[in-house]
Amino acid sequence: NGKHPQILVNSYAFLVEKYADDKTYGFEPQNAIKVGGAAESEGPTNERRFLNALAGPNGEELDYYRLGSCCPQPSKNSSFGQAMLDKYALYYEGSNDTLVIYINMYDSEKLMIPKGFKARNFPN
């Protein structure tokens, strides 16, 4: 239904525990990561909260930056009937490539960790 509530670890990061089985999750516009928040004016914040929950494959700290908007996808939660995705570049120390992932701030579903990443450990 596109209205899955996200759980916060802290004000900067979501709790993301499940690993995606699908290698296209996050890496293909048709399988964008649905963080939600646009309706509450928290879309960009939610995008960062998702990215802040990730670490590199060996727990490396991630750096990321927004590349821009692209790739309209159908969405009932956008006033235009389609959601513009945000495209982010992610990299970590020792990574050979900059990885590009697609995030949808209009729709929301249970978040997963894309292939090649780990959940970031937060101090209790």
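Strands S7 and S8 form a hairpin with six residues between them. In the turn sits Gly94, whose phi is positive at about 90°. This is a predicted model, so please read the values here as computed from it. The two arms of the hairpin run antiparallel, and five bridges join S7 to S8. Two of the facing pairs are worth finding on your screen: Lys87 stands opposite Tyr102 in S8, and Asp86 has Ile103 in S8 as its bridge partner.

**The sheet around the hairpin**

The hairpin belongs to an open sheet of four strands, in the order S4-S8-S7-S6 and with mixed pairing. Strand S4 (33-34) and S6 stand at the edges with a single partner strand each, so one side of each is left without a neighbour in the sheet.

What sense does the pairing of S4 and S8 have? The two strands pair in the parallel sense, over two bridges, with S8 covering residues 99-104. Here Lys34 stands opposite Asn104 in S8. At the other end of the order, S6 and S7 pair in the antiparallel sense over 10 bridges. Gln73 has Ala83 in S7 as its bridge partner.

The loop between strand S6 (62-74) and strand S7 (82-92) holds Phe80. Is Phe80 buried or exposed? Its relative accessibility is 73%, and because the cut-off for exposed is over 50%, Phe80 counts as exposed. For a sense of scale, Phe80 and Glu47 are 33 residues apart in sequence and 20 Å apart in space, C-alpha to C-alpha.

**Links between side chains**

Side chains of opposite charge can pair when their charged atoms come close. How many salt bridges does the model have? The count comes to two, and the table sets them beside the disulfide.

| Link | Residues | Distance |
|---|---|---|
| Salt bridge | Glu42 and Arg49 | 3.0 Å, N to O |
| Salt bridge | Arg66 and Asp86 | 2.8 Å, N to O |
| Disulfide | Cys70 and Cys71 | 2.2 Å, sulfur to sulfur |

Take the pair of Arg66 and Asp86, whose side chains meet in a salt bridge. Arg66 lies in strand S6 and Asp86 in strand S7, so the pair ties together parts that are 20 residues apart in sequence. Asp86 is buried, at 3% relative accessibility, while Arg66 is partly exposed at 46%. Asp86 thus appears twice in this account: as the salt-bridge partner of Arg66 and as the bridge partner of Ile103 in S8.

In the other salt bridge, the side chains of Glu42 and Arg49 meet. Glu42 is partly exposed, with a relative accessible area of 32%, whereas Arg49 is buried at 11%.

The disulfide count comes to one. Cys70 and Cys71 form this disulfide, with their sulfur atoms 2.2 Å apart. Why is the disulfide called left-handed? The torsion about the S-S bond is about -90°, so the disulfide of Cys70 and Cys71 is left-handed. The two cysteines fall on either side of the cut-off for buried, which is under 20% relative accessible area. Cys70 is buried, with a relative accessible area of 14%, and Cys71 counts as partly exposed at 24%.

**A buried asparagine in the helix**

Now to helix H1, which spans residues 43-51 and includes Asn46. Asn46 counts as buried, with a relative accessibility of 7%. Which residues does Asn46 contact, leaving aside its neighbours within four places in sequence? They are Phe14, Val35, Gly36 and Gly37.

**A nonpolar patch on the surface**

Finally, turn to the start of the chain. Ile7, Val9 and Leu15 form a nonpolar patch on the surface, and together they have about 240 Å² of accessible area. Val9 lies in strand S1, which covers residues 8-10. At 36% relative accessibility, Val9 counts as partly exposed.

Key
Residues are numbered from 1 along each chain as its sequence is written. This is a predicted model: local features need pLDDT of at least 70, side-chain atom pairs count only at pLDDT 80 or more; totals for chains, interfaces and linings use all residues. Side-chain values use heavy atoms; hydrogens and water are left out. Patches are made of residues with over 30% relative accessible area and no salt bridge: like charges are joined within 9 Å, nonpolar side chains (Val, Leu, Ile, Met, Phe, Trp, Tyr) within 5 Å. Accessible areas come from the Shrake-Rupley method with a 1.4 Å probe; for residues, only the protein chains shown count as cover. A salt bridge is a side-chain nitrogen of Lys or Arg within 4 Å of a carboxyl oxygen of Asp or Glu. Buried means under 20% relative accessible area, exposed over 50%, partly exposed in between (1.4 Å probe, protein chains only). A disulfide is a pair of cysteine sulfur atoms within 2.5 Å. Contact means heavy atoms within 4.5 Å. Two strands pair if DSSP finds at least two bridges between them.
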